[in-house]
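Subject: Structure handover

Hello,

Here is the structure you will be taking over. My notes on what was found in it follow below.

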Amino acid sequence: MSNLELRLLSSLAKVFTRNAPSAKLDSDWLSALMGERVSLQAAYLYEGDVRSWGKITVKSPDGVQVVMRRVRYMPGYIPGNFKTDGDYISSEDGVFPDLLEPFDANRLPLINGIWQSVWIDFHVTSDAKAGLHPIVISIETDDGVELATVETTIEVIPVELPSLEIPHTKWFHVDCLANYYEVEVFSEKHWEIIENFVSYAVEHGINTILTPIHTPPLDTEIGGERLTTQLIDVSIRGYKYDFDFTKLERWVEMCKRVGVKYFEIAHLFTQWGAKHAPKIMGTKDSKEMQFFGWETDATGPEYSNYLKQMLPALIGKLNEWGISENTIFHISDEPTSENLENYMAARKIVEEILSGFRVVDALSDYAFYEKGVVPLPIPAVSDIEPFIEANVPELWCYFCCSQSSGVPNHFFMHPSYRNRILGVLMYKFNIKGFLHWGYNFYNSVYSIYPVNPFHVTDADGAFPSGDSFLVYPGSDGKPLASLRLMVNQEAFNDYCALTLLEKLEGRELVLTLIDEILTEELRFSNIPTNDEYLIKFRRYVNKRIGASR
């Protein structure tokens, strides 16, 4: 005798094999604007044969496309030097639901005695009809005997979800793709894989792509190097440089084709202090050699001469390709107060040349802004409140491994509402851009060697799992989503829905709605610790949009 229990859960749930999921999906929770993708999870517990197969079906309304993926468990770790808090699912190592793996719906694994879940996306197209529609999800045995059926509804709001207009970047690491797939850098196969990963990023709300005009000087051991990935070919005759932008032009054309809005130029100086030049390869007297690197003084005459020739040539191409207004530059990532003088000197070299461009950097020391060194700072969410209190215009934010306690983030061991609340926070505090360092970082810390992300999810012991990548490399050269990627997209969809409601009813009304459900003021350091707020809030926002159209 076989038995199966089936529960529908929100996208914010995390299902573990030995613990019965508690929060069931409200019957009228699913609500979507036109063009939006919303998700739920079908969690099931099978009791029967030791191993069997079933079939899962989803009946949805016309105009609503359905995609199902199996939620797979991945090894998760958090090094002891990172501070945790009482809101973690667990601060112990273990396995956590994360990878969303395509599967055959006619071969649903039925494993005796453990909870499993299927992630189900509903993409509301322009052909969908407005109103409430039933959704029926059934699991039956492979020979057609029904085991369980559950029903819910989806409300379609006949208003299109606007696109995200502010920059949203998850740093794109082309060297990791070449390493993992064992292909030559910028070979035709590499270009194919790059486009697969870029288009997938855009599809999931990431509209800004880190562009390696030279090998990005990021997460690299001092004195070491990452695999060369350089889109600008350089040669030198005396003190005169020549630049070939053929590969960069191909990159720009590819990004435009798949919908990239913003181009983020690789940092012009090394990370953690702007002391050196990035690795730049070139040709001299028909011989390829390294022109600059760790041995190069960032502000020395050789590299200054290079920048003063390269940047004007690059800007000319940006203007020619029509992307100069959507191009973002960086000086150096995460400078500290000890590096202030170095950073100021490096910035001074390029300041006049880059006048009129957005020049932004991730940092958390308010003194950099206060002294006018970085007019457009990107503070960490754990250090952002002084910047908010100062009403810094065009403020961005970021999080990474260090934002491990009391603030939004998306580690494996975080509940998903800490990921999704980001969109509401960014709207409330008028944040104009978001940066995260790891879309697909498949290296160890400092990029000393590549890792297999299916086995190593923490940069080999360096960071909490979930910090260094949001997609997995599929066997066909295409990315596989994580649960965290999908929830993060929901966060930015929330942001877009709030901007739409603001256009319809005004910002003051939206700010009132954000706070009225909460018992405490919403801040980056004070976020609600349950799913219910986000679920109810977004549903209400959609209803207001529908009523105001």
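I begin with threonine 457, which sits in the loop between strand E22 (434–436) and strand E23 (471–473). Please keep in mind that this is a predicted model. Threonine 457 counts as buried because its relative accessible area is 0%, the cut-off for buried being under 20%. A polar atom of its side chain lies 2.6 Å from the backbone oxygen of proline 75. The side chain of threonine 457 also makes a polar contact with the side chain of serine 465, at 2.7 Å. Leaving out residues up to four places away in sequence, threonine 457 touches nine residues by name: Pro75, Gly76, Tyr77, Phe412, Pro464, Ser465, Gly466, Ser468 and Phe469.

Asparagine 207 is another buried loop residue, with a relative accessible area of 6%. Its loop runs between helix H2 (188–203) and strand E12. The side chain of asparagine 207 makes a polar contact with the side chain of threonine 208 (2.8 Å). Neighbours within four places in sequence aside, asparagine 207 is in contact with Leu164, Ile166, Pro167, His168, Val260, Lys261 and Tyr262. Phenylalanine 263 is 56 residues from asparagine 207 in sequence, and the C-alpha atoms of the two are 8.8 Å apart.

Next, the nonpolar interior. In soluble globular proteins, nonpolar side chains tend to be buried together. Here the largest nonpolar core has 190 residues, and Ile137 and Trp251 have the most contacts inside it. The element that gives the most to this core is helix H9 (residues 483–505), with twelve residues. Apart from this core lies another, of six residues, including Ala13, Val15, Ala43 and Leu45. As for isoleucine 137, the residues it touches, not counting those up to four places away in sequence, include Leu6, Leu40, Ile56, Ile120 and Val150.

There is nonpolar surface as well. Ile222, Trp272, Tyr446, Ile448 and Tyr449 make a nonpolar surface patch of about 510 Å². Within this patch, isoleucine 222 belongs to the loop between strand E12 (208–211) and strand E13 (233–237). Isoleucine 222 counts as exposed because its relative accessible area is 64%, where exposed means over 50%.

How many salt bridges are there? The count comes to 28. One of them joins the side chains of aspartate 87 and arginine 418 (3.5 Å, N to O). Aspartate 87 lies in the loop between strand E5 (64–76) and strand E6 (94–102) and arginine 418 in helix H8 (residues 417–428), so this pair ties together parts that are 331 residues apart in sequence. Both aspartate 87 and arginine 418 are buried.

Aspartate 515 and lysine 428 also meet in a salt bridge through their side chains (3.3 Å, N to O). Since aspartate 515 is in helix H10 (residues 507–516) and lysine 428 in helix H8, the pair ties together parts 87 residues apart in sequence. Aspartate 515 is partly exposed, at 29% relative accessible area, whereas lysine 428 counts as buried at 13%.

A further salt bridge is formed by the side chains of lysine 240 and aspartate 242 (3.5 Å, N to O). Lysine 240 is partly exposed at 42% relative accessibility, and aspartate 242 is partly exposed at 26%. Finally, salt bridges link Glu36, Arg420, Glu490, Asp494 and Arg538 in a network.

Regards

Definitions and conventions
Residues numbered from 1 in each chain as written. Predicted model: local features only at pLDDT ≥ 70, side-chain atom pairs only at ≥ 80, totals over all residues. Heavy atoms only, no water. Patch = residues over 30% accessible without salt bridge, like charges linked within 9 Å, V, L, I, M, F, W, Y side chains within 5 Å. Areas by Shrake-Rupley, 256 points an atom, 1.4 Å probe, with all protein chains shown as cover. Salt bridge = Lys/Arg side-chain N within 4 Å of Asp/Glu carboxyl O. Helix = DSSP H or I, 4+ residues; strand = E, 2+ residues; numbered from the N terminus. Buried < 20%, exposed > 50% of the residue type's maximum accessible area, 1.4 Å probe, protein only. Core = buried A, V, L, I, M, F, W, Y, C linked by side-chain atoms within 4.5 Å. Contact = heavy atoms within 4.5 Å. Polar contact = N/O pair within 3.5 Å; in protein donor to acceptor, adjacent residues only side chain to side chain.
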